[in-house]
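Biologist: I'd love a close look at a single part of this model. Could you walk me through it once the structure is up?

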Amino acid sequence: MSGNGVVPRSPRVRRRILLLAGAVLTLALVVIVTLFVISATSDREVSVLIGTFGSARMASLAVIVALACLTLGLCLVPVTRPWLVLLVPARLAAIVASSVAAFGWLITPSPTVVPLVSAGCETGYVVKEMALLHVASGTVYRTDGILVTAVEWVSGDDGYTPFDDGAYAVVDDGETLRVWYNVRFDRSGAPVPTDGAPDFTLPKLNDRTFACGISTHARTPQPQPPSPTAPLHDVRDMQSSIREMVGVSLAAAVGPVRDGDGNPIDSLPIERMAIRDSTSIDGLIHMKITSRCEVAQP
C-alpha cells in the first residue's frame, strides 16, 4: 500500500504489469485501426467476420480492452503527490468509462451466423441476424475467408430470425440463387413456398467448390394451440352450457350447496347464472350464485 493507492510493492512486478498492459493496449489499437482501414478502403462494403464476431463487435471489444489497459496503467504508474490532483480524476474517469463500455457490451445480445444452404450445400454466403426485443434484422454476406461483403438485408417480425430458424428456401437455377424466407414465426414448420417472386436474388458463385451435407437445422412442426370454443347461437345450446357450468361448479363445492332457505340447489331449472368469487383468508374460494328459475312449459 502506498499514497498512490493499492499497487504492487515490487517495482519490478509493477513494471512487468505496465509492459504487459502496454502491449495489450497496442494490440487493441492495431485491431481498431485495421478494421477501420478495411472499412474505409472498401467504402464500407467489406468487413471482418470470424464466427459470430463481426467488425463492429470486434471493434467494441477492442475499445473495452484498450480502456481497461489504460485504466490499469493509470492506476499503477507511480507519481508524486502533487500529480495526484490530476491523476485521481483521470483514474476515476477511466474506471467509469471502461465499466460502462463493458456493461453495454455484455448486455448486447450476440448475433447468430448461419451459412446459406442450397440443396444441402454451402453457397458461399452467410446470414448474420440479431434480435433485440421485438426487432430483428440481418445481413447476407458473401464470404472471402474472414472478409465478408454485405449483399442483402433481411428482417423478421417480433424478434423472429428466420435464417437461424431454417425457415427459408433457396432455388438454384444455375446462374442465380433465388431466396424466399418467412418473416413471421410459423408454428406448423411447413416448407417455405417458392411459387411467388423471391424475396431476393443472389449471383451464384460458380468459381468455388463448397461443402455439402449441410443441414439448415429447420425446426420440426409444433403442436397447434387448441382452437377457441365455437360461439353458441342456439338458445337450447346456451341453456345446456349453463346447466353444465352449474353442475361442474356445484360438484366442485365443498359440502352440499343450499339456497338462502337452506334447500339443496337443483341445477336443472336454472336458466341464467352469474358467479362472483372472492378468495378469503381460509384459502377457499366462496361463490355466490344468483339464478332465475325456468318457467315450466305446459
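Biologist: Let's take the cysteines and the helix around them: does C75 count as buried or partly exposed, and at what relative accessibility?

Modeller: Happy to, with the reminder that this is a predicted model. C75 counts as partly exposed, because its relative accessibility is 23%, and the cut-off for buried is under 20%. C69 counts as buried, at 11% relative accessibility. C69 belongs to helix α2, which covers residues 55–76. This helix has 22 residues and reaches 31 Å from its first C-alpha to its last, close to the 32 Å expected at 1.5 Å a residue. Besides C69, the buried residues of α2 include S55, R57, M58, A62, I64 and A66, and towards the end of the helix T71, G73, L74 and L76 are buried too. What do they pack against? The partners of the buried residues of α2 are α1 (11–41), β1 (46–50), β2 (53–54) and α3 (84–107).

Now for the cysteines that do pair up. The structure holds one disulfide, and C121 and C212 form it, with their sulfur atoms 1.9 Å apart. The torsion about their S-S bond is about 100 degrees, so the disulfide is right-handed. C121 sits in strand β4 (residues 121–132), while C212 is in the loop between β9 (200–203) and α4 (235–251), so the bond ties together parts that are 91 residues apart in sequence. As for its surroundings, C212 is partly exposed, with a relative accessible area of 48%.

Definitions and conventions:
Residues numbered from 1 in each chain as written. Predicted model: local features only at pLDDT ≥ 70, side-chain atom pairs only at ≥ 80, totals over all residues. Heavy atoms only, no water. Helix = DSSP H or I, 4+ residues; strand = E, 2+ residues; numbered from the N terminus. Expected span 1.5 Å × (residues − 1). Buried < 20%, exposed > 50% of the residue type's maximum accessible area, 1.4 Å probe, protein only. Contact = heavy atoms within 4.5 Å. Disulfide = S-S within 2.5 Å.
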